[in-house]
Amino acid sequence: MGIPVKTLLFALLATAVPVAAQEYPSRVVRLVCPFAAGGSSDVLTRIIGAQLNSRWGQSVVVENRVGASGNIGAEVVARNTAPDGYTLLVAGAPHAIGASLFSNMRYNLATDLVAIANIATFPSVLVAHPSLPVKSVKDLIALAKKRSGEINFASPNIGSPNHLALELFKTMAGVDMVHIPYKGGSGQMVGDLVGGQVQLASMGFPPAIPQIKAGRLRALAVTSLKRSTLLLEVPTVNESGLPGFEVSSWYGLFGPVAMSREIVAKVNADTRAVLGSEDMKSKLAPLGAEPAPATPEEFSKLVRAEIEKWAKVVKASGARAD
């Protein structure tokens, strides 16, 4: 007795997605980086792309789609009409901040994209020019309260994680400091900070560490919950007078929301596998980054929590980017 056509059709449909996931990837995967070549997010994208290339035996091509603080590249992936896993996005903390920083967003990070796998976290370090008479977070808070509105801090641009790290610091410490925003990256900002034109900043480890070691800047605290192996002697803000303070940039893999959950699971499993390798850890270390493996569910929870967290900070600071 033959199998009814309808039964056979349902059986084929039921197995189609898992088979596709097992065969994935069978051609070139496009990895969209929404920031310019040479920056930390671009370097991270190329590192994870090369690792997945080796694991999959398929080319992973990085494409920089730059503009609107990373939102153009994110929108390209969110609006992709073929959500088959062959166009992926590396996005992170700037996009979670952008959800409330921009009033005319054309995509929603939490609902138009699926959070596939976290890749890495990037703690920062709070640094001061030596002319500012502070050697610790407690010193800084005391001085900022005594000289309310007189101390200034720099950031690469309005709404960046390093800008909002100090807006969060102001709120938690109950102090008032003046924000000096820069444009076009951190080069001029670092030069002015070293030269004493500005007094304070939250900075990524790669540009900060050489200046700290040379004595041109003073490290007050790192912004993550635990100390960094790159600056073990420097305490965290959390342990230095502001319990619960935590700011770390993070980047992970996203795809169009309609991607099959089987392919999401495969990309996640393969990403977590490469993040566990010593080779990957050694490549992330110079960026001041640490692997941050997570399940899709854990990563999605992080994304939503970050959107909510930064919405409060953006509102309190009054920051706008449009």
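**Overall fold and local features of the predicted model**

The protein folds into 11 helices and 10 strands, where helices (H or I, at least four residues) and strands (E, at least two) are DSSP runs numbered from the N terminus. The structure is a predicted model, in which local features need pLDDT of at least 70 and side-chain atom pairs count only at pLDDT 80 or more, while totals for chains, interfaces and linings use all residues. Residues are numbered from 1 along each chain as its sequence is written, and side-chain values use heavy atoms, with hydrogens and water left out.

A good place to begin is the overall form. The C-alpha trace spans about 90 × 40 × 35 Å along its principal axes. The radius of gyration of the protein is 22 Å, which agrees with the value near 20 Å for a compact globule of 322 residues; this radius is taken over C-alpha atoms, and the globule rule is 2.2 Å times the number of residues to the power 0.38. Of the 322 residues, 51% count as buried. Here buried means under 20% relative accessible area, exposed means over 50%, and partly exposed lies in between (1.4 Å probe, protein chains only).

The surface and the contacts add to this picture. About 14400 Å² of the protein is exposed, and carbon and sulfur atoms supply 56% of that area; accessible areas come from the Shrake-Rupley method with a 1.4 Å probe, and for residues only the protein chains shown count as cover. Among contacts between residues at least 6 apart in sequence, 77% join residues at least 24 apart, a contact being heavy atoms within 4.5 Å. The protein carries 31 positive and 24 negative charges, and their mean positions are 2 Å apart. In this count Lys and Arg are positive and Asp and Glu negative, with His and the chain ends not counted; each charge is placed at NZ of Lys, CZ of Arg, CG of Asp or CD of Glu.

Helix α7 offers a clear view of how one element is packed. In this helix, residues 187–195, the buried residues are Met-189, Val-190, Asp-192 and Leu-193. Seen down the axis of α7, these residues fall within an arc of 165°, so they line one face of the helix; the arc is that of the directions from the helix axis to the C-beta atoms. As a general point, an α-helix has 3.6 residues a turn, so residues three or four places apart point the same way. Gly-187 and Gln-188 are exposed on the other side of α7. The cover over the buried residues of α7 includes β4 (113–128), β5 (152–155), β7 (200–204) and α8 (205–213). Just after the helix, Gly-196 takes a positive phi of about 85°.

Within α7, Leu-193 is buried, with a relative accessible area of 0%. Beyond residues up to four places away in sequence, Leu-193 touches Val-127, His-129, Val-198, Gln-199, Leu-200, Ala-201, Met-203 and Leu-217. From C-alpha to C-alpha, Leu-193 and Leu-284 are 26 Å apart in space, with their places 91 residues apart in sequence.

Helix α4 (residues 93–101) is mostly covered, with eight of its nine residues buried. These buried residues are Ala-93, Pro-94, His-95, Ala-96, Ile-97, Gly-98, Ser-100 and Leu-101. Their cover includes α3, β3 (87–92), α6 (161–173), β9 (248–256) and α11 (296–317).

Strand β9 holds Gly-255, which counts as buried at 0% relative accessibility. Leaving aside residues up to four places away in sequence, Gly-255 touches Val-77, Leu-88, Asp-112, Leu-113, Val-114 and Ile-116. Gly-255 and Asp-84 are 171 residues apart in sequence, and their C-alpha atoms are 8.8 Å apart in space. Another pair distant along the chain is Ser-54 and Val-274, 220 residues apart, with C-alpha atoms separated by 9.5 Å. Ser-54 belongs to helix α2 (residues 40–56) and is exposed, with a relative accessible area of 64%.

Some backbone details in the loops also deserve a look. Tyr-24 and Pro-25 are joined by a cis peptide bond with omega of about -5°, and Pro-25 sits in the loop between α1 (5–23) and β1 (29–33). In the loop between β2 (60–64) and α3 (71–78) lies Ala-68, whose phi is near 55°, a positive value in a residue other than glycine. Ser-69, in the loop between β2 and α3, likewise has a positive phi of about 55° although it is not a glycine. Ala-68 is partly exposed at 43% relative accessibility, and Ser-69 is partly exposed at 47%.
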